Each structure stands twice: as C-alpha cells, then as structure tokens.
Amino acid sequence: MPWRAELSRLQGIVCALQAQVYTLSPGTTAPGDAIAGLFACVPNSIAVGDVVCELVAGTLCDRASAASADTAAVGVCLQVVNPALALIVYNGELLIFSGLTPDAIYYLDVAPGGLTAVAPSAVGQIVQKIGRAKNSTTLVVEVTPQFMQL
C-alpha cells in the first residue's frame with residue numbers, strides 16, 4: 001500500500017478513536033466508552049485478543065507475560081492495524097473472545113499474550129487482573145497497573 005494511502009487510513013482510525021467510534025474492521029467493535037490507543041509494536045508479534053505490555057514506555061508494545069514484572073500488562077489488542085501497529089484497549093468491553101466463563105476474573109497468564117481464570121502462583125511470577133468476563137464472548141477490560149509479585 002502506498003504510504004499516502006496508509007497515512008490516510010491511519011488518520012481515519014485516529015479520527016474515529018477521537019470521536020469514540022470504534023468500528024475499525026468488519027466484526028471488530030468496542031463500545032464508545034472504551035479507552036484505547038494506537039501503539040507501535042514489535043512487528044508481527046501481536047494478535048487480536050493478546051494481552052500486551054509496554055517495552056518502551058508509551059511507544060512500543062509486545063505480548064505481556066506473568067513470568068516477569070518487566071512484562072506486566074497495559075491492555076488488550078482489539079485490532080492489528082498493520083504488522084507494526086495495534087489498537088490497544090485499556091478499559092472497556094471487548095466482544096472478541098469465545099469460551100470465557102461468565103463472571104470469572106481473568107488474570108495475565110504466564111504464556112505470552114494470554115489470559116487465565118486461575119491466578120499465577122509460582123515464585124517470581126506476577127498476579128495482575130486484566131478483567132472480568134461479562135459473558136462467554138465479552139471481557140470487561142480493567143487492567144490494573146498494580147500487580148503482586150510472588
């Protein structure tokens with residue numbers, strides 16, 4: 001895609017975010033009260049639904065993991081805009097999952113980018129709440145910046 005077309009497309013996404021209109025691609029939506037941001041990411045490292053961390057504060061993200069405090073979560077990927085840019089939701093409802101247990105609390109998993117309904121428990125791992133399942137397909141994202149290191 002020529003750079004001007006890509007720039008125009010990205011400007012449209014930013015305008016939509018500022019207006020809190022989150023219809024970015026077919027089937028990918030978040031309610032207007034969601035808080036989200038565009039992040040540069042390690043190329044080809046993030047997929048929709050991945051829990052992400054900041055590698056460089058506010059500028060670069062990758063998949064988060066409870067294995068280390070260095071990879072604590074900041075949000076969940078709503079859409080991969082291109083291989084090096086992703087829309088990350090910090091707070092709000094995401095209707096992109098399947099198989100969630102309604103009303104269960106979900107934590108950052110040890111597996112990079114993952115969620116788990118069972119809090120990590122090994123020494124050195126972190127326990128960080130990511131959100132609560134509203135139903136089997138919707139996660140109410142409430143990433144807590146605080147976490148407990150075991």
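# Salt bridges, buried cores and Asp50

Arg132 is partly exposed, with a relative accessibility of 29%. In this report, buried means under 20% relative accessible area, exposed means over 50%, and partly exposed covers the range in between (1.4 Å probe, protein chains only). The model is predicted: local features need pLDDT of at least 70, side-chain atom pairs count only at pLDDT 80 or more, and totals for chains, interfaces and linings use all residues. Residues are numbered from 1 along each chain as its sequence is written, and side-chain values use heavy atoms, with hydrogens and water left out.

## Salt bridges

The structure contains three salt bridges, each requiring a side-chain nitrogen of Lys or Arg within 4 Å of a carboxyl oxygen of Asp or Glu.

| Positive residue | Negative residue | Closest N and O atoms |
|---|---|---|
| Arg132 | Asp103 | 3.9 Å |
| Lys134 | Glu93 | 3.1 Å |
| Lys129 | Glu142 | 3.1 Å |

The partner of Arg132 is Asp103. Because Asp103 belongs to the loop between β5 and β6 while Arg132 is in strand β9, this bridge ties together parts 29 residues apart in sequence. Asp103 is exposed, at 58% relative accessible area.

Lys134 is bridged to Glu93. This pair links distant parts of the chain, 41 residues apart, with Lys134 in the loop between β9 and β10 and Glu93 in strand β5. Lys134 is partly exposed at 43% relative accessibility, and Glu93 is partly exposed at 23%.

In the remaining pair, Lys129 is joined to Glu142. Here strand β9 supplies Lys129 and strand β10 supplies Glu142, with their positions 13 residues apart in the chain. Lys129 is partly exposed at 28% relative accessibility, as is Glu142 at 29%.

## Fold and buried cores

The chain has one helix and eleven strands; both are DSSP runs numbered from the N terminus (helices H or I, at least four residues; strands E, at least two). The helix comes at the N-terminal end of this order, and the strands follow. Of the 150 residues, 40% are buried. Among contacts (heavy atoms within 4.5 Å) with a separation of 6 or more, 54% are between residues 24 or more positions apart. The chain exposes about 7,400 Å², 58% of which comes from carbon and sulfur atoms; this area was computed by the Shrake-Rupley method with a 1.4 Å probe.

A nonpolar core is a set of buried Ala, Val, Leu, Ile, Met, Phe, Trp, Tyr and Cys residues joined through side-chain atoms within 4.5 Å. The largest has 22 residues, of which Val51, Ala73, Val76, Leu94, Leu108, Ile130 and Leu139 touch the most other members. Two or more residues come from each of β2, β4 (75-82), β5 (85-94), β6 (105-108), β9 (129-133) and β10 (139-142). The greatest contribution is that of β5, with three residues. Another core, of eight residues, lies apart from it and includes Phe39, Cys41, Ile46 and Cys77.

## The setting of Asp50

Asp50 occupies the loop between β1 (35-41) and β2 (51-56). Asp50 is buried but has no salt bridge: Arg63, the nearest side chain of opposite charge, is 4.5 Å away. A polar atom of the Asp50 side chain lies 2.9 Å from the backbone nitrogen of Ala47. Beyond its neighbours within four places in sequence, Asp50 is in contact with Ser45, Arg63, Gly75, Val76, Cys77 and Gly113. Two of these residues recur above: Val76 in the largest core and Cys77 in the core of eight residues.

Terms used. Lys, Arg positive; Asp, Glu negative; His and termini not counted. Polar contact = N/O pair within 3.5 Å; in protein donor to acceptor, adjacent residues only side chain to side chain.
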